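Work through the exercises below with the model open. Each task is followed by a solution in steps.

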Amino acid sequence: MTKPIIEVKNLAKNFGKNEVLKDITEQVDPGQVIVVIGPSGGGKSTFLRCLNLLETPTSGEVDFDGENLTTLDTKRVNELREEMGMVFQGFNLFPNMTVLENIKLAPMKVKGIDDAAATKRAHELLKQVNLDDHADAFPSSLSGGQAQRVAIARALAMDPKVMLFDEPTSALDPEMVGEVLNVMQELANQGMTMVVVTHEMGFAKSVADRVWFMADGYIQENNTPEAFFGNPQTERAQDFLSKIL
Ligand code: ADP
Ligand code: MG
């Protein structure tokens, strides 16, 4: 049996009296692509942020690669966090740096990789996201789709074991969604472990190994995309799908 890369056990998160995550127990195996879908406000972003402890769980446990994050000191949590790349809706590129510099920064500063090696790797990653011709551009000159692909390359530059995506295409003009999803699909094909919060049902159907439907603080369904979209089990999921499909 493969050892899960992420294990979540009885995870709960409250913001004051608001019980956002109530009792979540799930696991992610190496190489799996999990797509998390569900209504707005259902706790998807909070859940992703609990996976790398950007949010501190109220109770429960998050294990990453066999280590219980909730018991570790800040130094170790930071080390493990480097192994989880995260891509958000907004791209958060450093505006005063070129695309290449954006990608090289963390590997050089955090990992101590030398300039030549970081540059070589950054160009490889830019080729992977089809942007090597934009290496010397500044973020302000990029389209949203290009900026998001740079953000993905930047996350990959730390050689993460897992990539977490929080609605990576939600802020994009429709014609740019495809180029970002294509890059994500290729990453999945290469075997990257991914947890993706998205409303792109086509992506969920064609790329996900498992769909997790999250609403009201629980993962209400965990199923293959075929089973989930073909025959959702809960009324909550049936209602959600009837509104978006
Ligand atoms: P989703 O990503 O599914 O839309 P979120 O995780 O962003 O859901 O939000 C779930 C709930 O948690 C919402 O009611 C939201 O207002 C609340 N929430 C999220 N982050 C915070 C925070 N930092 N402080 C207080 N409440 C928050
Ligand atoms: Mg969200």
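A helix axis here is a line fitted to C-alpha atoms over the stretch in contact, and angles run from 0 to 180 degrees between N-to-C directions. The model is predicted.

**Exercise 1.** Find how helix 3 and helix 4 are oriented to each other, and give the handedness of their crossing.

Step 1. Locate helix 4 at residues 115-128. Helix 3 covers residues 99-111.

Step 2. Read the geometry: the two axes come within 9 Å and cross at roughly 125°.

Step 3. Classify the angle. Angles under 35 degrees count as roughly parallel, over 145 as roughly antiparallel, 65 to 115 as roughly perpendicular and the rest as oblique. Helix 3 and helix 4 are therefore oblique to each other.

Step 4. The crossing of this pair, helix 3 and helix 4, is right-handed.

**Exercise 2.** Classify the packing of helix 5 against helix 3 and against helix 6.

Step 1. For helix 3 and helix 5, the packing angle is about 25° and the axes are 8 Å apart. The cut-off for roughly parallel is under 35 degrees, so helix 3 and helix 5 are roughly parallel to each other.

Step 2. Helix 5 (residues 144-156) packs on helix 6 (residues 174-189) at about 20°, with the axes 8 Å apart. Helix 5 and helix 6 are therefore roughly parallel to each other.

Step 3. Handedness: helix 3 and helix 5 make a right-handed crossing, and the crossing of helix 5 and helix 6 is right-handed.

**Exercise 3.** Describe the surroundings of ligand 1: which residues are around it, and which classes do they belong to?

Step 1. List the shell: F15, N18, V20, P39, S40, G41, G42, G43, K44, S45 and T46.

Step 2. Sort by class: three residues are nonpolar, seven polar and one charged.

Step 3. Assign residues to elements. Helix 1 gives the largest share of the shell, three residues.

**Exercise 4.** Which parts of N18, K44 and S45 lie at what distance from an oxygen atom of ligand 1, and how much of the ligand is buried by the protein?

Step 1. Side chains: a polar atom of K44 is 2.8 Å from a ligand oxygen, and an N or O atom of the N18 side chain is 3.2 Å from a ligand oxygen.

Step 2. Backbone: an N or O atom of S45 lies 2.9 Å from an oxygen atom of ligand 1.

Step 3. Burial: ligand 1 taken alone exposes 560 Å², and the protein buries 58% of that.

Step 4. Elements: strand 2 (18-28) and helix 1 (44-51) are those that give two or more residues to the shell around ligand 1.

How values were computed:
Residues are numbered from 1 along each chain as its sequence is written. Chains are lettered from A and ligands numbered from 1 in the order in which they are written. This is a predicted model: local features need pLDDT of at least 70, side-chain atom pairs count only at pLDDT 80 or more; totals for chains, interfaces and linings use all residues. Side-chain values use heavy atoms; hydrogens and water are left out. A residue is near a molecule or strand if one of its heavy atoms lies within 4 Å of it. A polar contact is a pair of N or O atoms within 3.5 Å; within protein, one must be able to donate a hydrogen and the other to accept it, and residues adjacent in sequence count only if both atoms are side-chain atoms. Accessible areas come from the Shrake-Rupley method with a 1.4 Å probe; for residues, only the protein chains shown count as cover. Helices (H or I, at least four residues) and strands (E, at least two) are DSSP runs, numbered from the N terminus. Ala, Val, Leu, Ile, Met, Phe, Trp, Tyr, Cys and Pro count as nonpolar, Asp, Glu, Lys and Arg as charged, and the others, Gly among them, as polar. A crossing is left-handed if the near helix is turned anticlockwise from the far one by less than a right angle, and right-handed if clockwise.
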